[in-house]
Structures are given as C-alpha cells and as structure tokens.
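Morning, everyone. I have one structure to go through today, and I will keep to local features. Please have the sequence and the coordinates open.

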Amino acid sequence: MEFGSAWYPEHWPEERWAEDVRLMCEAGFIVARIGEFAWSSLEPVEGHFQFEWMDRAICLLHKNGISVVIGTPTAAPPAWLTHHNPEVLAVEPNGRPAQHGNRCHVSPGNSTYHKYTRRIVEQLARRYGQDERVIGWQIDNEYNRIDYSEATHRQFQVYLKEKFVRIQSLNDFWSTAYWSQSYTDWNEIPLPIGPHNPGLMLAFKQFITKIWCDFQKIQIASLRLYARPEQWISHNFMEWFEGFDHYEVSADLDFASWDWCVGTGHMNHLMTGAAHDMIRGLKRKNFWLMETQPGSVNWQGVNNQLNRGEGRRMAWHAVAHGADALLYWQLRSAPGGQEQLHGSLLGPDGAPRPFYSEAAQIGKEFKKVSKKLRGTTIKNSVALLHSYDSRWSINAQRHHKDFDPVGFLRHCYRSFAARNVGTDIISAEADLSEFRLVIVPALVILSEKTMENLTTFVEGGGTLLLTIRCGQKETHNALFPTRQPGPLRELAGVEVEEYFALDAAVPIYSEWSDSLAGESTIWAEILKPIAEDVQILAKFGESNGWLDGRCACSCRNVGEKGGRVIVLGAWLSDTLQDSLTAWLLETTHIDVPFSDIPTGVEVGRRVSEAGEEIWIFINHKNHSVTLNIPSAPAGSANLDLLTDETFEAALPIPADGIRVLTNQQA
Ligand code: GAL
C-alpha cells in the first residue's frame with residue numbers, strides 16, 4: 001500500500017519544507033504527489049525553465065523515504081502563456097473565453113496548447129524520467145473542459161468526415177430530414193449546445209473523448225521519450241463524471257486513478273463501492289486513490305467534516321475494492337489560494353489538525369499489512385455492465401426526470417453490496433468469460449460486439465439479466481427498427497410491447513420469492529413473450545389499465561449449458577430488488593461470503609496469485625458487533641493482520657472497527 005498526500009512545496013518558503021516532510025513521515029507517508037499545478041513555478045518566463053526547487057524537494061522527500069509522483073502541470077498553464085496566446089483559452093458555451101486563474105481554462109484540442117504541453121512535459125521527462133526517486137506520472141488533473149471555440153467546431157467537422165466518409169451516410173444515420181437538418185457540406189454541421197439531434201449529440205461526446213485521448217497521447221509520448229519503463233503513467237479521474245468515455249481514455253494508461261470525496265454528508269459504502277469497482281473496471285486492475293479528503297472539502301453546499309473514524313473506514317473500504325494507494329488532498333492549504341478552507345492535514349500554523357492522527361493510524365496499519373496485500377487482486381463472479389454511450393443517450397432524453405442511469409446502475413449494485421457479494425463494473429463491450437452472472441442496467445445502445453459477447457456468455461451457461469431500457473438503439477443513437485431489446489429479442493424470447501414513464505408506483509407480484517409483492521417506480525415495460533418456452537416470473541398489478549396483469553419479468557433457458565436470459569421490465573422497489581438478487585445468486589450458485597453479516601458491516605476480499613485470501617471486515621456502525629466465522633482448518637488460525645490476534649468462531653469488531661483476516665499456518 002502506498003500512502004501519502006499531494007504536496008505543493010512551491011507554495012511555501014523552502015525553510016518550511018523540512019518540517020512538512022517530517023510531519024509526512026510521522027504520519028507514515030511514503031509517497032507524495034507534486035507538481036500538477038506548478039507550471040508557473042517551473043517555467044516562470046516562456047522558455048526559461050526552473051527545476052532546481054523541484055530537484056531539492058524531491059531530494060528532501062527521498063532522503064526521508066518518500067517516493068515521488070509528478071503530475072504534469074497542464075491543467076494550470078501560466079498567465080504569460082494564455083496572455084500571449086489567447087487562442088488557447090477555452091470558449092464557454094455562451095461564446096466567452098474562460099478566464100485565466102481558475103485552472104482548466106484552456107482548450108485541450110488547441111494545437112498551440114499542444115506545442116507548449118509537449119515542451120513542458122518533455123522537459124520534465126528529460127529531467128526526471130530516469131530518476132529512481134520518481135515512481136510514476138499523473139497526466140494533467142481531472143480532465144473536464146469542453147471548448148466551444150470555432151477551432152474546435154472545425155475539428156469536430158473533420159472528425160465527422162473521417163467517421164462517416166460520405167455526408168449522405170451521416171444524414172441517413174441521423175435522420176436529418178427531420179426538421180430540415182439535412183447537410184450538404186461538412187461545414188454546415190453545428191456544435192451542439194444544449195439539446196440537439198441524438199446522433200449529433202452522441203457523436204460530439206465521442207469527439208470530446210478523442211480530444212482527451214489525443215491530448216493524453218501527446219503527453220504519454222513525451223514522457224516515454226525519456227521515462228524508464230518502471231515509471232508508470234496514470235490519470236486521476238472523477239468517479240461518474242460523464243464528460244468523456246473513460247474506457248477509451250484509460251486504454252493508454254498503466255492503471256487508472258481517481259479522486260474520492262464524500263462531500264456533504266457521510267460515506268454510504270453501498271454506493272461508494274460502485275465507484276471504486278467502476279474505476280477498477282476501467283483497466284480491470286487495481287487502482288490508485290490519488291486524492292481523498294482529509295476532513296472536509298470546500299466546494300459543497302455543506303462542507304461537513306468526516307466523523308471521527310470515518311476516514312479510516314473510507315481507507316479500508318477503498319482497499320477492499322482494489323485500491324493499492326491512498327493519497328490525501330492535501331497536506332496544507334495555500335494561505336491565499338481558492339481552496340483556503342479545504343480540509344488538510346496541517347493547519348495554517350503548520351501543525352497537525354485533528355484528522356492528522358487518524359491518517360497516522362491508517363499509515364501504521366497500511367505499513368503492517370502492506371507486504372501481505374502486495375499482488376493481491378479482486379476476483380468476482382458477478383459483473384454489471386456500464387456504457388458511456390448509453391448514459392449519454394439516456395441523459396439527453398431521460399423521459400422521466402428521475403431516470404438517472406448511474407442511479408439505476410447503483411440501484412442494481414446496492415443489493416449485491418448489501419450481501420457483500422463483490423461485483424465488477426465493466427465496459428459493456430468487455431469479455432465476460434470469467435463471470436457467472438451479468439447484469440445489464442439500462443444499456444439503451446447495443447453494439448454488435450456487446451450482442452456477440454452477451455450471446456456467447458449465455459450460450460456458455462451464464463445467467464444474464466437484461467433490465468429496463470436495454471437494446472432500444474443502435475450505435476448512432478437511432479432507434480432499432482424492432483422493439484426492445486432489439487436484436488436480443490430472439491435470445492430473450494420477449495419484446496417490449498410498450499414502455500411507461502411512471503407518475504405513480506405500480507404493484508408487482510413476483511414468483512422468485514414466494515409471491516413476494518413490491519412495486520415499480522419511475523419506469524415500467526410490458527414484456528410480451530415471443531417464444532413458447534418463456535417463463536413469466538413477475539406480473540404488474542392493477543395500474544393504468546395497460547400494464548395490469550402483464551408480464552414484468554421473464555426468464556428463458558438457453559442452450560445445453562444452463563444459460564438463462566432474464567428480462568426485467570421494472571425499476572423495482574428496494575425490497576423486491578433485494579429478493580430478486582437473492583434469487584439470482586441462489587439459482588446461479590454464487591456463494592454469499594460468511595453467513596449472517598449484519599447490515600452496516602462490509603466484507604471485502606483480496607486474493608493473491610497463489611489463491612491466499614485476505615478478508616477485510618469494516619464495521620460501519622457506531623456500536624460493536626460479533627460475527628460468526630468458520631473456524632480455521634486444523635493446523636491454522638484466523639489471524640487479524642492488524643492486531644495479530646487469532647479468532648476461532650467469533651469475530652468481535654468494535655464500533656467503526658476494521659479487521660483484516662487471513663488464514664495463517666500455526
Ligand atoms: C480535486 C482536485 C484537487 C482539489 C480537490 C479539492 O477535484 O483534483 O486539485 O481541487 O478536488 O477537493
């Protein structure tokens with residue numbers, strides 16, 4: 001486990017650095033991220049580079065056993081750059097250029113900006129690429145800006161020309177005869193601001209993705225010119241941010257990182273686990289938590305502090321979901337910066353704030369288990385599919401204001417998390433061979449590749465759950481010429497006769513749990529069987545007349561290997577979703593780890609290459625619990641790696657407590 005924080009030596013007189021580093025060491029920090037907004041300190045005047053301060057900072061960190069991650073500074077270009085080259089400033093949707101000084105104010109697709117980017121990144125790589133004290137690079141910081149300039153508009157038109165080749169083909173895919181949108185020349189195609197043609201809107205998001213991929217490729221190429229192969233390259237993403245397709249952008253990275261803040265309120269592990277799992281799914285690899293909040297943030301409506309013990313639970317929750325590193329943002333606030341009031345480990349006096357002691361405890365614990373955790377990964381039998389194309393499509397036309405596609409994915413996720421059944425959240429186009437159960441939440445756009453993968457999965461014996469809004473559109477965001485689930489109708493044996501945005505809940509009667517009743521809210525779909533061997537698992541009760549008594553959930557067995565396709569036409573109430581999940585797990589023979597784990601206690605598992613399991617128990621409750629665990633096999637013991645205690649059949653966990661259990665030979 002890597003543990004540390006973001007540190008900005010350029011904010012402070014050099015005499016202070018040693019004390020900062022001493023306090024980092026005392027908290028158990030072994031890594032610091034530096035440099036990601038320091039361009040004006042690295043190149044104060046165009047073409048004049050000043051790396052000596054960074055050399056000395058790295059040297060001091062290294063002397064104290066702290067390794068370094070350098071962030072390339074391209075999210076915060078210096079004022080001379082934007083002043084002399086105003087064309088690099090991003091244009092807001094209202095046509096005005098972004099202001100200097102609030103970072104991310106440049107256009108990531110601007111060729112002048114690319115030139116400056118290449119130069120500063122190459123300079124950094126040349127200086128630190130062979131440096132053993134620098135273990136890796138973070139490119140830029142939380143990609144997010146969309147530029148609406150004329151230059152970007154022209155690039156978009158060129159992108160479309162490359163994608164569609166013939167203008168008539170674009171017209172056909174986008175149904176441009178509608179509202180006289182037909183184009184005769186690529187130059188006529190607008191940049192969508194606000195609602196527009198669905199094909200245009202989707203293509204614009206895909207174009208923005210390409211802008212970020214290209215911007216990142218420039219930086220990766222510049223780094224790789226000089227960087228030793230052991231130096232990894234990553235980027236810190238923002239959980240469910242939908243500005244670009246994270247699968248495509250992360251493809252060129254060594255691993256994904258993300259920045260996790262709870263913001264207002266407190267951690268709900270049944271939700272935040274999904275974000276960790278999604279980020280792990282980007283590369284199907286463990287990830288770094290590049291930033292997390294020490295105490296509070298400063299950018300929410302209510303910037304409440306984490307409760308005592310909550311930061312520690314957050315840390316272990318991240319580890320249980322595949323984090324290999326945790327860094328706080330940040331060590332100390334710059335006295336005059338925009339983020340003066342953000343949580344930090346040190347106060348304005350340079351002395352520890354209360355949260356520091358909790359960080360120090362985490363530091364000790366990570367140190368203790370680090371060796372054991374090295375090389376361990378997360379292995380699951382259940383996957384949830386996630387797609388940016390589908391999210392963009394639905395968010396542009398929700399049809400029901402509360403139909404949040406991420407909210408629906410998390411709704412499906414929650415009942416697995418509540419049972420401590422680990423899930424992978426992966427690209428809708430990913431290979432599914434390692435899973436037994438695959439859930440497809442609101443995958444409105446269905447690509448050929450996804451269809452093939454899902455069919456192969458079911459024919460190979462897997463259980464597939466297709467939910468509401470699946471398979472309505474092809475890859476240009478146009479309606480399929482069939483009812484949902486589009487080309488998967490034959491496999492599913494049902495089609496959606498009609499869909500309903502609900503203004504009132506609809507009762508549902510299900511078969512999967514002794515006729516347990518519940519309801520559907522937000523959305524409902526009438527499933528019409530189109531094959532004889534379709535089983536009806538649930539029906540709608542009395543409602544709007546159309547839905548009454550019609551099929552809400554179906555199941556069809558496929559092939560000789562026990563494969564099944566279940567189609568669900570409802571956004572189930574929580575209890576019904578829970579019982580469906582229980583039924584799915586039982587009928588696919590997926591074990592629920594340990595029995596009788598009380599609500600509010602989380603159990604995660606990491607597995608070494610040799611198959612050794614490490615179980616992480618997190619008590620999110622404010623009172624202690626005692627769990628029943630199986631006795632260790634003869635000649636071994638259940639050992640808590642944090643306390644070195646061994647446990648037979650009862651595992652006590654204090655309020656807010658953590659246990660990290662493994663099976664140890666006696
Ligand atoms: C992150 C950002 C950091 C800092 C932090 C505050 O999004 O990367 O630079 O602004 O938020 O919470």
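I will cover helix packing, then backbone geometry, then the cysteines, and finish with some single residues.

One thing before the details: this is a predicted model.

Let me begin with the helices. Two packed helices are described by the angle between their axes and the distance between the axes. Helix H8 runs over residues 198–226, and helix H13 over residues 388–396. Their axes lie 10 Å apart, at an angle of about 135 degrees. An angle between 115 and 145 degrees is classed as oblique, so H8 is oblique to H13. The crossing of this pair, H8 with H13, is right-handed.

Which residues make that contact? From H8 they are Met201, Leu202, Lys205, Gln206 and Thr209. From H13 they are Asp389, Trp392 and Ala396. Sorted by class, the contact of H8 with H13 has 4 nonpolar, 2 polar and 2 charged residues.

H8 has a second partner to look at, helix H6, residues 150–164. The axes of H6 and H8 come within 10 Å and cross at roughly 105 degrees. The range for roughly perpendicular is 65 to 115 degrees, and H6 and H8 are therefore roughly perpendicular to each other.

On the H6 side, the contact residues are Thr152, Gln155, Phe156, Tyr159, Leu160 and Lys163. On the H8 side, they are Leu200, Ala203, Phe204, Gln206, Phe207, Lys210 and Ile211. The contact of H6 with H8 divides into 8 nonpolar, 3 polar and 2 charged residues. If you are following on screen, Gln206 of H8 is listed in the contact with H13 and also in the contact with H6.

While we are at H13, take Ser390, which sits in that helix. Is Ser390 buried or exposed? Its relative accessible area is 2%, under the 20% cut-off, so Ser390 is buried. Leaving out residues up to four places away in sequence, Ser390 touches Ala442, Leu443, Val444 and Ile445.

Now the backbone. Where are the cis peptide bonds I want to show? One runs from Trp329 to Gln330, with omega near 0 degrees. Gln330 is in the loop between strand E9, 323–328, and helix H12, 355–373. Another cis peptide bond joins Gln484 and Pro485, and there omega is about -5 degrees. Pro485 is also in a loop, between strand E13, 463–466, and helix H16, 489–492.

Next, positive phi angles. Ile522 is not a glycine, yet its phi is positive, at about 70 degrees. Ile522 belongs to strand E16, residues 517–529. With a relative accessible area of 15%, Ile522 is buried. Asp644 is not a glycine either, and its phi is about 65 degrees. Asp644 is located in the loop between strand E24, 636–640, and strand E25, 646–647.

On to the cysteines. A disulfide is a covalent bond between the sulfur atoms of two cysteines. How many disulfides does a search of the whole structure find? The count is 0. For Cys104, the nearest cysteine sulfur is that of Cys261, 15 Å away. Cys104 is buried, with 14% relative accessible area. For Cys213, the nearest cysteine sulfur is that of Cys104, at 17 Å. Cys213 also counts as buried, at 9% relative accessibility.

Two single residues remain. Trp571 is in strand E20, residues 570–572, and at 9% relative accessibility it counts as buried. What does Trp571 touch, not counting residues up to four places away in sequence? The list includes Asp402, Phe403, Asp404, Gly407, Phe408 and His411. It also includes Ile468, and then Glu519, Ser520, Thr521, Ile522 and Trp523. Ile522 there is the residue with the positive phi from a moment ago. Trp571 and Glu2 are 569 residues apart along the chain, and their C-alpha atoms are separated by 40 Å.

The last one is Asn268, in the loop between strand E7, 257–260, and helix H10, 269–283. Asn268 is partly exposed, with a relative accessible area of 36%. Asn268 and His620 are 352 residues apart along the chain, while their C-alpha atoms are separated by 9.0 Å.

That is the set. I will take questions now.

Terms used. Residues numbered from 1 in each chain as written. Predicted model: local features only at pLDDT ≥ 70, side-chain atom pairs only at ≥ 80, totals over all residues. Heavy atoms only, no water. Axes fitted to C-alpha atoms, helices over the stretch in contact; angles between N-to-C directions. Helix = DSSP H or I, 4+ residues; strand = E, 2+ residues; numbered from the N terminus. Parallel < 35°, antiparallel > 145°, perpendicular 65-115°, else oblique. Left-handed = near helix turned anticlockwise from the far one by under 90°. Contact = heavy atoms within 4.5 Å. Nonpolar A, V, L, I, M, F, W, Y, C, P; charged D, E, K, R; others polar. Buried < 20%, exposed > 50% of the residue type's maximum accessible area, 1.4 Å probe, protein only. Disulfide = S-S within 2.5 Å.
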